[in-house]
Amino acid sequence: MRSEAAPPDGPPFSTWLCVVCGWVYDERTGAPQAGLAPGTRWEEVPDSWTCPDCGVSKQDFEMVRL
């Protein structure tokens with residue numbers, strides 16, 4: 001898990017990688033262009049959300065461990 005500074009009320013932010021195309025979702029910065037505000041935790045991302053680059057489902061992402 002990527003260890004960014006934790007928000008005052010929670011654990012450190014994580015980073016998630018699309019295993020199909022390599023697009024990266026960082027909880028800290030979110031993905032406003034894909035409808036996800038900064039600070040949106042992966043578990044809060046709807047199951048119906050898809051990768052903005054290749055269109056695969058949320059299930060095709062893996063947490064990046066550094």
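This is a short talk on the fold of one protein, from its strands to its core and a few single residues.

Let me say at the outset that we are looking at a predicted model, and that the values I quote are computed from it. The protein has 66 residues, of which 33% count as buried, and its secondary structure comes to 0 helices and 3 strands, so that, if you read along the sequence, the pattern is simply β-β-β.

I will begin with the sheet. The three strands form an open sheet in the order β2-β1-β3, and the pairing is antiparallel. Because β2, residues 24-26, and β3, residues 61-63, stand at the edges and have a single partner strand each, one side of each of them is left without a neighbour in the sheet. From one strand to the next the twist averages 25°.

Now to the pairings themselves, taking β1 with β2 to start. Strand β1, which covers residues 15-18, pairs with β2 in the antiparallel sense over 3 bridges, and within that pairing Leu-17 stands opposite Val-24 of β2. The hairpin made by these two strands has 5 residues between them, and there Gly-22 takes a positive phi near 90°. Turning to the other partner, β1 and β3 also pair in the antiparallel sense, over 3 bridges, and here Cys-18 has Phe-61 in β3 as its bridge partner.

That brings me to the interior. In soluble globular proteins, nonpolar side chains tend to be buried together. In this model the largest nonpolar core has 12 residues, among them Trp-16, Cys-18, Trp-23, Tyr-25, Trp-42, Trp-49, Val-56 and Phe-61. Both members of the bridge pair I have just mentioned, Cys-18 and Phe-61, are therefore also members of this core.

Which residues does Trp-23 contact, once its neighbours within four places in sequence are left aside? The list takes in Trp-16, Leu-17, Cys-18, Ala-31, Gln-33, Trp-49, Cys-51, Pro-52, Asp-53 and Phe-61.

A second core residue worth following is Val-56, which is found in the loop between β2 and β3. Is Val-56 buried or exposed? Its relative accessibility is 17%, and because the cut-off for a buried residue is under 20%, Val-56 counts as buried. With neighbours within four places in sequence again left aside, Val-56 is in contact with Cys-18, Val-20, Trp-49, Thr-50 and Cys-51. Val-56 and Cys-18 are 38 residues apart along the chain, yet their C-alpha atoms are separated by 8.2 Å. For the protein as a whole, residues 24 or more positions apart account for 40% of the contacts that have a separation of 6 or more.

Next, a small group of residues around the end of β2. Asp-26 has its place in strand β2, and at 8% relative accessibility it counts as buried. What does the side chain of Asp-26 reach? The answer is the backbone nitrogen of Arg-28, at 2.9 Å. Arg-28 itself is found in the loop between β2 and β3, and with 37% relative accessibility Arg-28 counts as partly exposed.

Ser-14 belongs in the same discussion, as it is found in the segment before β1 and, at 5% relative accessibility, counts as buried. The C-alpha atoms of Ser-14 and Asp-26 are separated by 6.3 Å, although the two residues are 12 apart along the chain. For Arg-28 and Ser-14, which are 14 residues apart along the chain, the C-alpha separation is 7.6 Å.

Finally, let me turn to the surface. The protein exposes about 3900 Å², and carbon and sulfur atoms supply 52% of that area. One residue to look at here is Ser-48, which is found in the loop between β2 and β3 and which, at 65% relative accessibility, counts as exposed. Ser-48 and Lys-58 are 10 residues apart in sequence, and from C-alpha to C-alpha they are 7.4 Å apart in space.

To bring the pieces together, the predicted model shows an open antiparallel sheet in the order β2-β1-β3, together with a largest nonpolar core of 12 residues that includes Val-56, a residue from the loop between β2 and β3.

Conventions: Residues are numbered from 1 along each chain as its sequence is written. This is a predicted model: local features need pLDDT of at least 70, side-chain atom pairs count only at pLDDT 80 or more; totals for chains, interfaces and linings use all residues. Side-chain values use heavy atoms; hydrogens and water are left out. Two strands pair if DSSP finds at least two bridges between them. Helices (H or I, at least four residues) and strands (E, at least two) are DSSP runs, numbered from the N terminus. Axes are lines fitted to C-alpha atoms, for helices over the stretch in contact, and angles run from 0 to 180 degrees between N-to-C directions. Buried means under 20% relative accessible area, exposed over 50%, partly exposed in between (1.4 Å probe, protein chains only). Contact means heavy atoms within 4.5 Å. Accessible areas come from the Shrake-Rupley method with a 1.4 Å probe; for residues, only the protein chains shown count as cover. A nonpolar core is a set of buried Ala, Val, Leu, Ile, Met, Phe, Trp, Tyr and Cys residues joined through side-chain atoms within 4.5 Å. A polar contact is a pair of N or O atoms within 3.5 Å; within protein, one must be able to donate a hydrogen and the other to accept it, and residues adjacent in sequence count only if both atoms are side-chain atoms.
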